[in-house]
Each structure stands twice: as structure tokens, then as C-alpha cells.
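Reader: I would like to know how the descriptive words for a model like this are justified. Please take them one at a time.

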Amino acid sequence: MNNTEIVEQTIAFVKETLQGAEGGHDWFHIQRVFNNTLLIAKEEKVDVLTVSLSALLHDIADAKFHDGDDTVGPKLALVFLSNLGVGKNTIQHVVKIIENISFKNSLERPDCIQFSSLELQVVQDADRLDAMGAIGIARAFNYGGFKNRQLYNPSIAPKLNQTKEAYKNSNAPTINHFYEKLLLLKDKMNTATGKKLAEARHQFMLDYLEQFYKEWNPLGIKG
Ligand code: ADP
Ligand code: NI
């Protein structure tokens with residue numbers, strides 16, 4: 001099987017597996033991350049098959065929906081790629097990338113931080129971009145709705161630098177998530193292209209928040 005066929009088979013597998021997934025983690029999220037990955041990869045000397053497969057498989061089994069078990073996704077990817085006959089080194093690299101990519105892993109799993117590669121950096125940037133800008137805002141409110149959270153509550157302040165447990169169990173309004181995660185992403189970008197794309201999306205979120213508070217408080221009442 002050539003690389004194009006491998007990628008096509010993987011797309012078909014991911015589309016099938018993610019049928020019925022919630023809106024923030026469905027096939028279209030994967031497609032956007034895949035496209036961002038290819039865009040960034042144009043400017044970086046990376047193995048295109050490795051970044052493509054990693055982007056496509058990075059959310060194949062989100063731990064949030066598997067009782068917090070974050071080994072399900074990497075295992076599923078390993079079995080799928082082995083059955084396709086993908087080379088052993090490529091498979092190992094893709095599995096490492098999937099294990100390391102999520103915001104929570106890179107934040108709270110020091111054992112995971114030990115692995116790094118340019119390929120991981122490219123896919124991580126692509127995934128982070130999808131949590132920013134207009135799409136990032138849509139995903140945040142979609143997730144908040146799914147969890148039945150308030151949009152905003154002026155009396156609940158955002159909490160920075162939370163532990164994994166606190167972040168996971170937080171029932172905070174969705175606007176707080178901007179300060180706890182979304183506005184921090186810009187400074188976590190790895191590649192030059194990722195940084196440039198993140199800049200515009202970051203500014204869009206700042207503009208959005210400004211407009212949000214204006215609409216929330218049309219009389220401009222202080223306090
Ligand atoms: P990642 O894909 O980096 O692992 P998550 O799975 O935690 O990130 O989040 C997926 C999407 O849901 C992102 O767009 C993220 O901003 C959003 N999200 C996650 N946690 C929250 C939250 N507490 N409030 C609002 N949106 C959230
Ligand atoms: Ni993702």
C-alpha cells in the first residue's frame with residue numbers, strides 16, 4: 001500500500017469510528033487539525049506520513065469518553081496501523097505523538113514531556129489552533145453546553161494553574177475557560193507558522209471577550 005492509500009484508509013477508519021461523536025471532537029475537528037497540520041508541515045522538515053496519521057488518529061478515543069483511560073486511543077491506533085502494514089518505526093512515532101499531544105498530558109504528565117519531535121510539535125500546534133479563534137470559541141461553548149455550564153458569571157473568577165483534578169472537576173462558566181486555557185495557548189505554540197496563525201486567532205478571542213462584556217453590561221455599571 002502506498003502512502004496516499006494508507007492516508008485514505010485512515011480517513012475512512014476515523015470517519016467511521018467517530019460517527020456520533022460530540023461536536024468538538026467529531027470528524028470535522030479531525031479534518032481541521034489534519035488541514036492545519038498539512039499547512040504547517042509545508043514550512044517544516046517533517047515526515048508527512050507521520051504527521052498525517054498522527055493528526056488523523058489523535059482523538060480516536062478521547063479519555064473523557066472512556067472513563068479517563070488515556071491508553072485506549074494509542075492502542076487502537078497501534079492495532080489499526082499494524083493491520084494496514086505501516087512500517088514499525090512510523091507506527092511507534094505516531095503512537096508516541098498521540099500519547100503526548102493533549103493539553104492535559106503536556107501539562108500534568110512529566111513522563112510524557114520527555115518525548116519530543118518536530119512531528120509532535122507540528123500536530124500539537126495544529127490541534128491547539130482548533131481550540132482558538134472563532135472555531136475555538138464555538139467548541140468551548142459547545143462543550144460548556146454539553147456539561148450544562150453557565151455562559152458567564154461575574155461573581156465566579158477564573159482559576160489559573162489548576163491541578164488536573166481541579167481542572168477536570170471544575171464546573172466553572174465557559175468564559176472562565178478562556179482564561180484557564182484558551183488565552184494561554186498562543187505562548188505554547190512550537191513552530192513559526194503555528195505562532196503566526198495563533199496570533200490572529202488570539203486577537204480574535206480578545207476582541208470577542210471585549211464585545212461579550214459590553215453586551216453583558218450595556219449600562220457600563222462598575223463593580
Ligand atoms: P484537547 O483536544 O487539547 O485534549 P479537550 O479535549 O480538553 O482538549 O477539549 C476539547 C475542546 O473542548 C476544546 O476546544 C476545549 O477548549 C473545549 N473544552 C475543554 N474543557 C472545557 C471547559 N472546561 N469549558 C469549555 N470548553 C472546554
Ligand atoms: Ni484534538
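Reader: Are His29 and Asp127 buried or exposed?

Author: In this predicted model, His29 is buried, and Asp127 is buried too. Buried means a relative accessible area under 20%.

Reader: What makes His29 and Asp127 donors of the nickel ion (ligand 2)?

Author: A donor is an N, O or S atom within 2.8 Å of such a metal. NE2 of His29, NE2 of His58, OD of Asp59 and OD of Asp127 lie at 2.1 to 2.3 Å, and they coordinate the nickel ion (ligand 2). Along the chain, the donors follow the spacing H-x28-H-D-x67-D. His29 belongs to helix α2 (residues 27–41) and Asp127 to helix α8 (residues 118–129), and the pair, 98 residues apart, links distant parts of the chain.

Reader: Why is the arrangement around the nickel ion (ligand 2) called irregular?

Author: Four donors count as tetrahedral only if all angles lie between 85 and 135 degrees. Here the angles run from 81 to 170°, so the arrangement is irregular.

Reader: How do you know how α1 is oriented relative to α2?

Author: The axes of helix α1 (residues 3–17) and α2 cross at roughly 150° and come within 10 Å. Angles over 145 degrees count as roughly antiparallel, and therefore α1 is roughly antiparallel to α2. Val7, Ile11, Val14 and Lys15 in α1 meet Trp27, Ile30 and Phe34 in α2.

Reader: Why are α3 and α5 called oblique?

Author: Helix α3 (residues 48–57) and helix α5 (residues 88–100) have axes that cross at roughly 45°. Roughly parallel needs an angle under 35 degrees, and roughly perpendicular needs 65 to 115. The pair is therefore oblique.

Technical notes
Residues numbered from 1 in each chain as written. Chains lettered and ligands numbered in written order. Predicted model: local features only at pLDDT ≥ 70, side-chain atom pairs only at ≥ 80, totals over all residues. Heavy atoms only, no water. Donors = N, O, S within 2.8 Å, 3.2 Å for Na, K, Ca; no water. Tetrahedral: all angles 85-135°; square planar, octahedral: opposite > 155°, others 65-115°. Helix = DSSP H or I, 4+ residues; strand = E, 2+ residues; numbered from the N terminus. Buried < 20%, exposed > 50% of the residue type's maximum accessible area, 1.4 Å probe, protein only. Axes fitted to C-alpha atoms, helices over the stretch in contact; angles between N-to-C directions. Contact = heavy atoms within 4.5 Å.
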